[in-house]
Amino acid sequence: MKRNKIIVTLSILITIGVVVTSCVSAKINDKTGSQLWTENCRRCHNSPPSSAFTNVQWEVINTHMRERGLLTDVEYKKILDFMQQGD
Amino acid sequence: MKKKLILFSAITLLLQLSLFAQQYNEQFIDSLVQSVSQAQVAKGTKFLLTGYVTSTAEFTKTKSSLSAVGLTPILLWKPNDRILVETEFETGFTGNATNMELGYADVSFYVNKYLSIRAGKFLSPFGIFQDRLHPSWINKLPTFPLGTGEDQYGIGPISEVGINFKGGAQLGESKINYSFYASNNAQLITDPTNPIAEGTLSYGNMDVQSKKLTVGGRVGFLPFSNSTLELGVSYRNGYVGDTSAAYQNVNAKLYAFDLSYDNQLDFLKGDVDIKAQYNKSDVSNAWYIDPSNPTSGNLYTYNNSRSSYFLQAAYTPSMFPGKFLKKTQLIFRYAGFTPPTNAIGLTDMKQYTYGIDYWFNWRTALKFAYQSQKDNNVFFVQLAVGF
């Protein structure tokens with residue numbers, strides 16, 4: 001009986017977690033690189049224009065910023081795509 | 001005979017000219033190929049020199065000086081998609097001498113979407129100031145907040161030497177980031193000839209040895225999907241005494257709580273940026289030589305628990321008309337330090353800093369600040385240029 005309660009509770013928690021994560025992850029995933037660039041750069045410093053670096057330089061800089069700001073993988077890729085469009 | 005000599009000389013000269021021309025052409029072609037290939041290599045190489053230059057002047061009632069000029073080059077190299085090499089050198093003047101310090105030098109390996117492993121000397125993820133905000137082109141004021149450096153008021157390291165596991169992930173509408181490490185130990189200062197430093201911790205000494213490595217980490221939580229707010233908790237635990245019987249079991253536990261908020265607020269017609277950090281350190285019981293009479297050999301002890309904190313708020317009228325206002329920023333910072341009770345030579349300290357910055361571009365600022373700290377009031381002017 002006690003084991004069942006634990007299993008049911010865990011199942012509910014996992015289901016809620018998966019549903020919430022899926023729904024909202026999609027919301028964050030739907031953001032454009034431009035939005036993520038504005039939201040994340042300004043957490044520490046002014047947002048740079050895409051003309052500040054070349055495409056290759058942006059790849060290096062963005063990886064460095066991923067280290068500093070602990071960006072997620074999706075944020076890193078979308079911001080990089082956005083910055084490289086300007087070169 | 002004379003004709004033959006002229007003919008021989010003419011042929012020799014022609015040969016020399018032709019050889020010279022050939023040599024010239026080869027050198028020219030070689031240099032051309034080299035320059036083209038070098039350009040192609042440079043274009044494909046993921047190597048970048050970046051960093052910042054800082055020049056600071058300070059004025060008090062009794063002195064005026066250009067107190068600090070510094071160049072901090074940062075070398076970044078990404079040899080492939082999974083590896084990043086980062087190195088920062090801090091150069092500046094001390095008196096007449098130029099000094100150089102290795103800010104960080106580390107190699108990161110990206111294991112998967114959620115984890116990277118970094119080894120070497122890296123900025124400590126203890127709070128947010130040193131890890132993210134200390135470069136002069138980011139720091140909105142010319143000085144570091146009281147309690148964040150590695151002086152008698154500082155709590156927590158600037159950098160670590162060790163191995164670091166870190167990453168970030170979505171968590172529903174929110175985000176979480178994490179950074180855990182095992183690193184070299186700090187060192188408890190027990191020198192009675194320097195009473196204000198006695199009982200503090202020194203970091204970054206490669207010779208420090210103790211029973212176990214220090215472990216620590218920070219977890220950051222961004223509750224809103226627009227990443228405007230981040231709350232962080234840091235912890236660091238390790239032995240800090242030397243291997244002698246008197247100090248080998250002395251341990252230090254450090255905690256930090258940080259907050260970061262940045263958003264454009266319509267009702268204020270501008271951007272608001274708030275940063276805050278609270279640091280605490282608890283060093284376990286240790287005996288120190290009485291600094292008021294160091295030759296006596298008298299020992300004394302106290303509860304070596306100290307804390308420091310800062311709160312910084314900045315406002316940029318970004319929604320006002322006019323370029324000048326949009327590039328101007330007002331800043332206020334309040335910082336403090338609470339020493340251990342009964343520690344000899346240390347007193348409670350408060351620091352107030354008022355600043356105004358003008359941003360020529362996203363990484364170049366001219367800063368003016370007035371800082372008041374007990375009897376020490378200083379006016380600063382600083383030019384910070386990122387490159």
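Buried means under 20% relative accessible area, exposed over 50% and partly exposed in between, with a 1.4 Å probe and protein chains only. This is a predicted model, in which local features need pLDDT of at least 70 and side-chain atom pairs count only at pLDDT 80 or more, while totals for chains, interfaces and linings use all residues. Residues are numbered from 1 along each chain as its sequence is written, chains are lettered from A in the order in which they are written, and side-chain values use heavy atoms, without hydrogens and water.

Q: Where do the buried residues of helix 4 of chain A lie around its axis?
A: Helices (H or I, at least four residues) and strands (E, at least two) are DSSP runs, numbered from the N terminus. In helix 4 (residues 73-85) of chain A, Asp73(A), Glu75(A), Tyr76(A), Ile79(A), Leu80(A) and Met83(A) are buried. Because they cover an arc of only 160°, taken from the directions from the helix axis to the C-beta atoms, they lie on the same side of helix 4 of chain A.

Q: Which strands of chain B help to cover these buried residues?
A: The cover of helix 4 of chain A includes helix 2 (33-41) and helix 3 (55-69) of chain A. From chain B, it includes strand 2 (64-80) and strand 7 (174-183).

Q: Is Lys275(B) buried or exposed?
A: Lys275(B) is found in strand 13 of chain B. Contact means heavy atoms within 4.5 Å, and among the residues in contact with Lys275(B) are Arg43(A), Tyr261(B) and Phe310(B). With a relative accessible area of 3%, Lys275(B) is buried.

Note on methods
Lists of a residue's contacts leave out its neighbours within four places in sequence.
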